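Dear colleague,

I am passing on the structure we spoke about, with the sequence and coordinates placed just below. After them you will find my notes on what turned up when I went through it.

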Amino acid sequence: MTFAATILTLYPEMFPGPLGTSLAGRALGAGTWSLNTVQIRDFATDKHRTVDDTPAGGGAGMVLKADVLAAAIDHARAGNPDAPVLAMTPRGKPLTQGRVRELAAGPGVTVLCGRFEGFDERIFEGRNVEEVCVGDVILSGGEVGALVLLDACIRLLPGVMGAASSGVEESFEGGLLEYPHYTRPVEWEGRTIPEVLRSGDHAKIAAWRKQRSEDDTRLRRPDLWERHFDARDQSASGARQKKKD
């Protein structure tokens with residue numbers, strides 16, 4: 001099954017962009033995934049092809065119109081009705097690796113790229129659009145966020161990565177940051193590869209990597225560590241309860 005990506009944008013020339021190279025590019029050429037861009041402006045109804053208007057209640061900037069967006073979404077859904085529609089917006093729910101895996105296992109995605117001050121709020125409920133954020137930063141538009149989303153999904157498609165295990169021991173996959181990596185030369189500018197990684201003792205190496213993942217997550221991403229710690233406690237409590245029953 002081909003993973004079908006449809007991008008609703010005012011700048012279709014931005015795609016495939018970096019997704020046309022490396023792993024994603026080869027997968028695109030091989031037909032593992034497909035890409036279709038839709039120009040939002042084509043669904044404007046006036047002679048000026050207007051896609052935005054001033055904010056209700058006043059304020060700076062312009063807002064993308066719900067009627068134009070709805071027509072573009074309806075057009076995209078007709079081509080891939082089972083694909084979820086996601087809107088890239090800083091007001092959305094943070095994108096997680098778990099959600100990426102869900103999307104990659106599906107028929108594809110339709111991605112709505114915002115510009116200006118954003119979308120008319122009514123479009124989200126009116127067309128069942130999922131709001132997604134790729135980080136606590138403001139971008140010029142949703143296109144860069146869409147590239148991030150697609151790259152994260154495409155690399156998980158069967159056959160895209162050389163080894164399936166490449167996507168397992170990585171940051172966020174198990175709720176923790178990945179352990180640090182080293183390679184030759186053994187010494188560089190007075191810094192050496194940790195001795196345990198040169199020991200050949202696989203049990204000690206695994207223990208060191210697990211400890212570093214936990215330590216680094218706790219220090220660098222306390223938010224991740226707290227979620228991981230809570231999930232671990234809940235899992236253990238559930239296991240104890242099941243055993244007791």
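Helix H5 is mostly covered, with ten of its 13 residues buried, and I should say at once that this, like everything below, comes from a predicted model. The buried positions of H5 are Gly142, Glu143, Gly145, Ala146, Leu147, Leu149, Leu150, Ala152, Cys153 and Ile154, and what covers them includes the strands E1, E2, E5 and E6 together with the helices H1 and H3. From its first C-alpha to its last, H5 reaches 18 Å, which is close to the 18 Å expected for its 13 residues at 1.5 Å a residue.

The largest nonpolar core has 28 residues, and those that touch the most other members are Trp33, Val111, Leu150 and Ile154. Two or more residues of this core come from each of strand E1 (3–9), helix H1 (22–30), strand E5 (85–94), helix H3 (97–104), strand E6 (108–113) and helix H5 (142–154), and it is H5 that gives the most, with seven residues. Val111 is in contact with Thr6, Ile7, Leu8, Leu86, Met88, Ala146 and Leu149, when residues up to four places away in sequence are not counted. Apart from this core lies another, of 19 residues, which has Leu8, Ile40, Leu64 and Ala76 among its members.

Two positions in the loop between E6 and H4 may be of interest to you, and I take Gly114 before Asp120. UniProt, in an unreviewed entry, lists Gly114 under "binding site". Gly114 counts as buried because its relative accessible area is 8%, against a cut-off of under 20%. If residues up to four places away in sequence are left out, Gly114 touches Leu64, Met88, Phe119, Gly141, Gly142 and Glu143; of these, Gly142 and Glu143 are also among the buried residues of H5.

Asp120, which lies in the loop between E6 and helix H4 (122–126), is likewise buried, because its relative accessibility is 16%. The side chain of Asp120 is joined to that of Arg122 by a polar contact of 2.6 Å, and, leaving aside neighbours within four places in sequence, Asp120 is in contact with Val63, Leu64, Lys65 and Ala66. Leu64 thus appears in the contacts of Asp120 as well as in those of Gly114, and it is also named among the residues of the 19-residue core.

On the scale of the whole chain, the domain assignment gives domain 1 (3–156) and domain 2 (187–237), and the centres of these two domains, taken over C-alpha atoms, are separated by 36 Å. For a pair of individual positions, Glu13 and Ile193 are 180 residues apart along the chain, and 45 Å separate their C-alpha atoms. Glu13 is found in the loop between E1 and H1 and counts as exposed, because its relative accessible area is 60%, where the cut-off is over 50%.

Which residue does the side chain of His181 meet in a polar contact? The partner is Glu178, again through its side chain, at 2.8 Å. His181 sits in the loop between H5 and strand E8 (187–188) and is exposed, because its relative accessible area is 51%. Between His181 and Pro194, 13 residues apart in sequence, the C-alpha to C-alpha distance is 10 Å.

With best regards

Conventions:
Residues numbered from 1 in each chain as written. Predicted model: local features only at pLDDT ≥ 70, side-chain atom pairs only at ≥ 80, totals over all residues. Heavy atoms only, no water. Core = buried A, V, L, I, M, F, W, Y, C linked by side-chain atoms within 4.5 Å. Buried < 20%, exposed > 50% of the residue type's maximum accessible area, 1.4 Å probe, protein only. Helix = DSSP H or I, 4+ residues; strand = E, 2+ residues; numbered from the N terminus. Contact = heavy atoms within 4.5 Å. Domains from an automatic or database assignment. Polar contact = N/O pair within 3.5 Å; in protein donor to acceptor, adjacent residues only side chain to side chain. UniProt positions renumbered as here; feature names shortened; annotations may be inferred. Expected span 1.5 Å × (residues − 1).
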